[in-house]
Amino acid sequence: MIESLLVHAGFEENGLHQVDMLPGRNAPMRRVVVPLDGSPASEAVVPIVARLTRTGRCEIVLLHAVGAVPYGRGADQALYMQARAAQTALAYLATVADRLT
């Protein structure tokens, strides 16, 4: 059994052409990790992941990284900016998660 599976979109010059999944397509999965950067290309795998995971009991982990904020404007301002970025990321992930149901 595969503990985790990372799913990402594959690309060519003219756009999305496939979804690459590692390690194996036929192995049972417990968790699917979907990295998202907010682009339509990264979100193109969401409906595919939804179809793949409907047949089994599988956790879907949506991943969106939030970059570090420089402390050039002071620690309080940086913490505020980091909190706002985290709130924006959580709202984005909630929107994507709604498409999985």
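Let me start with the side chain of Glu 43, which in this predicted model makes a polar contact with the side chain of Tyr 92, at 2.8 Å. Glu 43 sits in helix α1, and because its relative accessibility is 15%, below the 20% cut-off, it counts as buried. If we leave out residues up to four places away in sequence, Glu 43 touches Leu 36, Gly 38, Tyr 92, Val 96 and Arg 99, so please keep Tyr 92 in mind, since that residue will come back in a moment.

One step back along the chain is Ser 42, which is also found in helix α1, the element that covers residues 40-43. Ser 42 has a relative accessibility of 11% and therefore counts as buried. A polar atom of its side chain lies 3.0 Å from the backbone oxygen of Ser 39, and, again not counting residues up to four places away in sequence, Ser 42 touches Pro 35, Leu 36, Asp 37 and Tyr 92. Leu 36 and Tyr 92 are thus among the residues touched by Ser 42, and they are also among those touched by Glu 43.

That brings me to the core. Which residues make up the largest nonpolar core? There are 12 in all, namely Val 32, Val 34, Leu 36, Val 45, Val 46, Val 49, Ala 50, Leu 62, Tyr 92, Leu 93, Val 96 and Leu 100. The elements that give two or more residues to this core are strand β3, residues 31-35, helix α2, residues 46-54, and helix α3. Tyr 92, the partner of Glu 43 in the polar contact I began with, is therefore a member of this core as well.

Let me look at helix α2 from the inside and then from the outside. The buried residues in α2 are Val 46, Val 49, Ala 50 and Thr 53. When you look down the axis of the helix, these buried residues fall within an arc of 105°, which means that they line one face of α2. Arg 54 lies in the same helix α2, but at 60% relative accessibility, Arg 54 counts as exposed. The C-alpha atom of Arg 54 is separated by 9.7 Å from that of Thr 101, although their positions lie 47 residues apart along the chain, counted as a separation in sequence.

Staying at that end of the chain, Leu 100 lies in the segment after α3, and it is one of the core residues. Leaving aside its neighbours within four places in sequence, Leu 100 is in contact with Val 46, Ala 50, Ile 60 and Leu 62. For Ile 60 the C-alpha to C-alpha distance from Leu 100 is 9.1 Å, at a sequence separation of 40 residues.

Two alanines are worth pointing out on the structure. Ala 65 lies in the loop between β4, residues 59-63, and α3, and with 69% relative accessibility it counts as exposed. Ala 65 is 7.9 Å from Ala 89, C-alpha to C-alpha, and the two are 24 residues apart in sequence. Ala 85, in helix α3, counts as partly exposed, because its relative accessibility is 27%. The C-alpha atoms of Ala 85 and Ala 68 are 9.4 Å apart, for residues that are 17 positions apart in sequence.

Now the overall picture. The protein has three helices and four strands, and from the N terminus the order of the elements is β-β-β-α-α-β-α. Of its 101 residues, 27% count as buried, and the accessible surface comes to about 6900 Å², with 56% of that belonging to carbon and sulfur atoms. Among contacts with a separation of 6 or more, 63% are between residues 24 or more positions apart.

Finally, a word on confidence. Where does the mean pLDDT reach its lowest and highest values among the elements? Strand β2, residues 15-22, has the lowest mean, 46, and helix α3, residues 75-98, the highest, 90. Over residues 11-20 the pLDDT is below 50, and this stretch nevertheless has 20 contacts in the model beyond near neighbours in sequence. Where pLDDT is low, the predicted coordinates should not be read in detail. For the protein as a whole, the average pLDDT is 75, and 70% of the residues score at least 70.

Methods. Residues are numbered from 1 along each chain as its sequence is written. This is a predicted model: local features need pLDDT of at least 70, side-chain atom pairs count only at pLDDT 80 or more; totals for chains, interfaces and linings use all residues. Side-chain values use heavy atoms; hydrogens and water are left out. Buried means under 20% relative accessible area, exposed over 50%, partly exposed in between (1.4 Å probe, protein chains only). A polar contact is a pair of N or O atoms within 3.5 Å; within protein, one must be able to donate a hydrogen and the other to accept it, and residues adjacent in sequence count only if both atoms are side-chain atoms. Contact means heavy atoms within 4.5 Å. pLDDT is the predictor's confidence in each residue, from 0 to 100. A nonpolar core is a set of buried Ala, Val, Leu, Ile, Met, Phe, Trp, Tyr and Cys residues joined through side-chain atoms within 4.5 Å. The arc is that of the directions from the helix axis to the C-beta atoms. Accessible areas come from the Shrake-Rupley method with a 1.4 Å probe; for residues, only the protein chains shown count as cover.
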